[in-house]
Amino acid sequence: MTDIRTTDDLPDVSAAELALGVLDGDERAVALRRVLAEPGFAQSVEAWRGYLGQLFAVWPEVAAPEGVFERVERSIDAPHAVAAPSRPFWPAVAGLTSLAAAGLLVFVVARPPQAPLPVPAPVVVPAQPLLVASIAPTAKGAAIAAVYDPARGVLRVTAADTPAAGRSTELWVIGADKTPHSLGLLTPGGATSVTPALVARRQLAPGATLAVTIEPSGGSPTGLPTGTIVLKGDLSQV
Amino acid sequence: MMDTPAAPSKGRDAAARAELTEILVRTGDEDRAAFRELYVRTNAKLFGICLRICGEREAAADVLHDVYLTVWKRAGAYEPSRASPITWLATIARNRAIDWRRANGSRRTAPIEEAPEIADTAPLASETLIADEEAHSLHRCLDELDGNQRDSIRTAFFQGVTYAELAERVSVPLGTMKSWVRRGLARLRECLEA
């Protein structure tokens, strides 16, 4: 790996650079990996966010357009509607025959969702191929499986181990842009169904890595992973 | 739609910050009324951030929606001892807006017409929601930097742009820009931690 300080004698201020947001490409990816790997570096990034946060005092205010809050409230209430699938989902996966799907099914069958599977009614083949990943533990614990339906923008994940009290498990995608984007929190002790933010959905492609980190309750406060990776796996098409 | 400069007294600053902390903590307990109050008090600051970085009202409104949805989901993780409520909220807004900007490949070089100008110097009166005791050290330390260093760091913060875009804007080689910013950040660190 290239030394980010290269040949000159410039000081290493990558924590500040990451908080400021000036890094991109490989430099940003290297800094983000350090956030995951080095607690001291992560603390330094947080300290810089605090310092730079003082500049928010001079940031001019502009009243938000009408209706944004109402949209937010609808989105908060929407997951219930989104969670009720218009067609059976896991059976649709079961209907697929590729090796990747077969491998995935081991997890799906071994770790069924909490709710009983819906009766397999007519299986609708999605217009875009589903993406699947087996997300395996980096140390110990059980693997989980993820299935992403690009047509509906919905990501399903089988039940993961429940995190310690006061902690949350957060799922990330590291795709073409090489930076982690949050896909959301995993439901403690049950299967998860989420519609990730558009920025994160764009990274969900074959070859992208899904990773799970342990974060403070409610998820990473910074929008970037702050805990170590406990589970990891790559997406592939079925 | 307009700048809303605030110049309240110190006592009001502290009270406003304490209230905002409480409202954010109650939002973390899934209190919808508190969440609405949080929106009323902070939407202009957070929309100002999204608008400046995204450069378009429609995109900024979409990002603002994502920001408050994130705030609703993550307010439970807010720790009052670690960050002021407005810094916590504004950092989420800035990061989301930068994500949008990078994902959409925006390379805006012209000033953003709709976003109001940012004051060039430290605020004369501290702003309502930032604690007095911390409001001036960064401004003071920025003032000690060379012009190029200070301007580059300020532009990076307020526009959410990368080294490459910074260099392009002022037509200097990438290496020069990195040198300005890195040396500036190193001096800032010394000053802030002194």
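**Helix 7, the nonpolar core and the chain A contact of chain B**

In chain B, helix 7 is followed by Ser171(B), a residue whose phi is positive, near 55°. The model described here is a predicted one, and the helix that precedes this serine spans residues 163-170 of chain B, with Tyr163(B), Glu165(B), Leu166(B) and Ala167(B) buried. The cover over the buried residues of helix 7 includes two other helices of chain B, namely helix 6 (147-159) and helix 8 (174-193).

Chain B as a whole contains eight helices and zero strands, so that the order of its elements from the N terminus reads α-α-α-α-α-α-α-α. Of the 194 residues in chain B, 43% are buried. Among the contacts in chain B with a separation of 6 or more, 72% are accounted for by residues 24 or more positions apart.

One residue that illustrates the interior of this chain is Cys50(B), which is located in helix 2 (residues 32-54) of chain B. Cys50(B) counts as buried because it has 30 C-beta neighbours inside 10 Å, where 20 or more suffice for that assignment. When neighbours within four places in sequence are left aside, the contacts of Cys50(B) are with Ala60(B), Val63(B), Leu64(B), Val67(B), Ala93(B) and Ala97(B). Cys50(B) and Gln159(B), which are separated by 109 residues in sequence, lie 9.8 Å apart in space, C-alpha to C-alpha.

Cys50(B) also belongs to the largest nonpolar core, which has 71 residues; together with Leu46(B), Leu64(B), Val67(B), Ala93(B) and Ala97(B), Cys50(B) is among the residues that touch the most other members of that core. Helix 2 of chain B provides the largest share of this core, with 10 residues. A second core, separate from the one above, comprises 32 residues and includes Val147(A), Leu183(A), Leu185(A) and Val212(A).

The contact between the chains takes 42 residues from chain A and 65 residues from chain B. On the side of chain B that touches chain A, at least two residues each are supplied by helix 2, helix 3 (57-74), helix 4 (85-103), helix 5 (137-143), helix 6, helix 7 and helix 8 of chain B. Of the elements on this side, helix 4 of chain B gives the most, with 11 residues. By residue class, the side of chain B that touches chain A divides into 38 nonpolar, 14 polar and 13 charged residues.

With regard to confidence, the predictor assigns the complex an ipTM of 0.82 and a pTM of 0.61. The average pLDDT of chain B is 83, and 78% of the residues score at least 70. In chain B, the highest confidence is found in helix 2, at 96, and the lowest in helix 1 (residues 10-28), at a mean of 87. Two stretches of chain B call for separate mention. Over residues 1-8 of chain B the pLDDT stays under 50, and the model has 12 contacts beyond four places in sequence for these residues. Residues 121-129 of chain B likewise have a pLDDT below 50, and this stretch has 19 contacts in the model beyond near neighbours in sequence. Where pLDDT is low, predicted coordinates should not be read in detail.

How values were computed
Residues are numbered from 1 along each chain as its sequence is written. Chains are lettered from A and ligands numbered from 1 in the order in which they are written. This is a predicted model: local features need pLDDT of at least 70, side-chain atom pairs count only at pLDDT 80 or more; totals for chains, interfaces and linings use all residues. Helices (H or I, at least four residues) and strands (E, at least two) are DSSP runs, numbered from the N terminus. A residue is buried if 20 or more other C-beta atoms lie within 10 Å of its own, exposed if 12 or fewer, and partly exposed in between; C-beta atoms are placed from the backbone. Two residues are in contact if their C-beta atoms, placed from the backbone, lie within 7 Å. Ala, Val, Leu, Ile, Met, Phe, Trp, Tyr, Cys and Pro count as nonpolar, Asp, Glu, Lys and Arg as charged, and the others, Gly among them, as polar. A nonpolar core is a set of buried Ala, Val, Leu, Ile, Met, Phe, Trp, Tyr and Cys residues joined through C-beta atoms within 7 Å. pLDDT is the predictor's confidence in each residue, from 0 to 100.
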